[in-house]
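Open the model in your viewer and keep the selection box handy. We will go from stop to stop, with a note on what to select and what is there.

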Amino acid sequence: GNDLAMSKLIVCTSGLEPDRKRDLQRHTPTLNIEVVPDLTPECTHLVADTVLSEKYLAAVTWRIPVVSYEWVEASLTNGEPIDEEEYLLRPLHRLVICLSGLSFSTADRHSIEALVQREGGAYSASLDRHCTHLVTDSASGDKYMKCCAESTLQHVRIVTPAWLADSIARGACANGNDFAVRAPPPSSGMRAAAPAPLDAVFGPRLCAQAVPQLFLSDCVLHFPESASAAPLLVCLRRLARGCGVTVAEHPSGWVTHIVLGDTAGSDAAVWTELQATCPLAKLVSHVWLTECDRMRAHLPASEYLWTPPEPRRRPPPPQP
């Protein structure tokens, strides 16, 4: 059964066109949802068309799934709310990214362009009024100066490459204010600090140090669907997103942990066979992930290895 369909959903919106907001209100009885004007931790979904609003940032903090309007349309077709996984907003949804700085080689620019497009954004070689972000490693250069000087570019956020790395690693658009490029005070005579090499910025280790919530950024998790009931699976995937984890839909050589939940059963052979296809992976109980999240730390898996439940012993037959 669909766990979303069982309970009333509390939905808030951000950045939707007025006619879509009206449509959503009209369909509330069909989908058994309540639409509220203000986002609170009690909300179950944010239906959005922007990753730049205060509501979006709050939803990410509170781990509320942020979905596109297509989730509403697909739920209507289905006759009840469906799992939101396929409809989560990409971290760079509708953003237009421009790069500036000598540390970006041509190869870097090509790989960043591909990353930006994969994560829902568009890449612009030139800085114009359509751009939403200028990613640069220093408070200097023609594009930076143009951004500061021209009134038509006032809305463009000037951010460091770590903003891009953090957004992609977390699967959620990072707050640009936390990664703003600051100009050195004019009177100090100091030069802007030398930028970190790009491979350091885009390496997961540096992200993990710079952004504490990425404490599991070097982990690749696989959640076998048969090993967890639907409500637990939704919860575990949401936890994983908040810890900076990469989720692998299929077993592979990259997987570091296979997470088994409440329906893993007692047949260990099934899981040891799966583990054989992932040579690096440890078989862990879902408690490992929930404890990592609670402690906000990467806990050793050795203390949370999965063990099959003890079979129930039959009572001895009565003595004649």
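Start by selecting residues 18–26, helix α2, together with residues 69–78, helix α5. These two helices pack at an angle of about 35°, and their axes are 11 Å apart. Axes here are lines fitted to C-alpha atoms, for helices over the stretch in contact, and the angle, on a scale from 0 to 180 degrees, is taken between N-to-C directions. The crossing of α2 and α5 is left-handed, a term used when the near helix is turned anticlockwise from the far one by less than a right angle. Now show side chains: R20, D23 and L24 of α2 meet Y69, E70, V72 and E73 of α5, where contact means heavy atoms within 4.5 Å. Three of the contact residues are nonpolar, four are charged and none is polar. In that split, Ala, Val, Leu, Ile, Met, Phe, Trp, Tyr, Cys and Pro count as nonpolar, Asp, Glu, Lys and Arg as charged, and the others, Gly among them, as polar.

A word on the ground rules before moving on. This is a predicted model, so local features need pLDDT of at least 70 and side-chain atom pairs count only at pLDDT 80 or more, while totals for chains, interfaces and linings use all residues. Residues are numbered from 1 along each chain as its sequence is written, and side-chain values use heavy atoms, with hydrogens and water left out.

Next, select C43, in the loop between β2 (33–35) and β3 (45–48). Which cysteine sulfur is nearest to that of C43? The sulfur of C12 is, 5.2 Å away, and C43 is in no disulfide; a disulfide is a pair of cysteine sulfur atoms within 2.5 Å. Measure C-alpha to C-alpha and C43 and C12 should come out 7.0 Å apart, with their positions 31 residues apart in sequence. Leaving aside residues up to four places away in sequence, C43 touches I10, C12, V36, D38 and I64. C43 is buried, at a relative accessible area of 5%; buried means under 20%, exposed over 50% and partly exposed in between, with a 1.4 Å probe and protein chains only.

Jump to C98 for a second cysteine. Why does C98 form no bond with C131? The closest cysteine sulfur to that of C98 is in C131, but at 4.8 Å it is too far for a bond. C98 is buried as well, with a relative accessible area of 0%. The disulfide count comes to zero.

Now pick R63, in the loop between α4 (54–61) and β4 (66–67). R63 is not a glycine, yet its phi is positive, about 60°. This arginine is partly exposed, at 23% relative accessibility.

For the last local stop, select helix α13, residues 286–295. Its buried residues are W288, L289, E291, C292 and D293. Add β9 (220–222), α11 (230–242), β11 (257–260) and β12 (282–285), which are among the elements covering them. Just after α13 comes R296, with a positive phi near 50°. R296 is partly exposed, at 37% relative accessibility.

Finally, zoom out to the protein chain. Its secondary structure comes to 13 helices and 12 strands, taken as DSSP runs numbered from the N terminus: helices are H or I, at least four residues, and strands are E, at least two. Of the 320 residues, 45% are buried.
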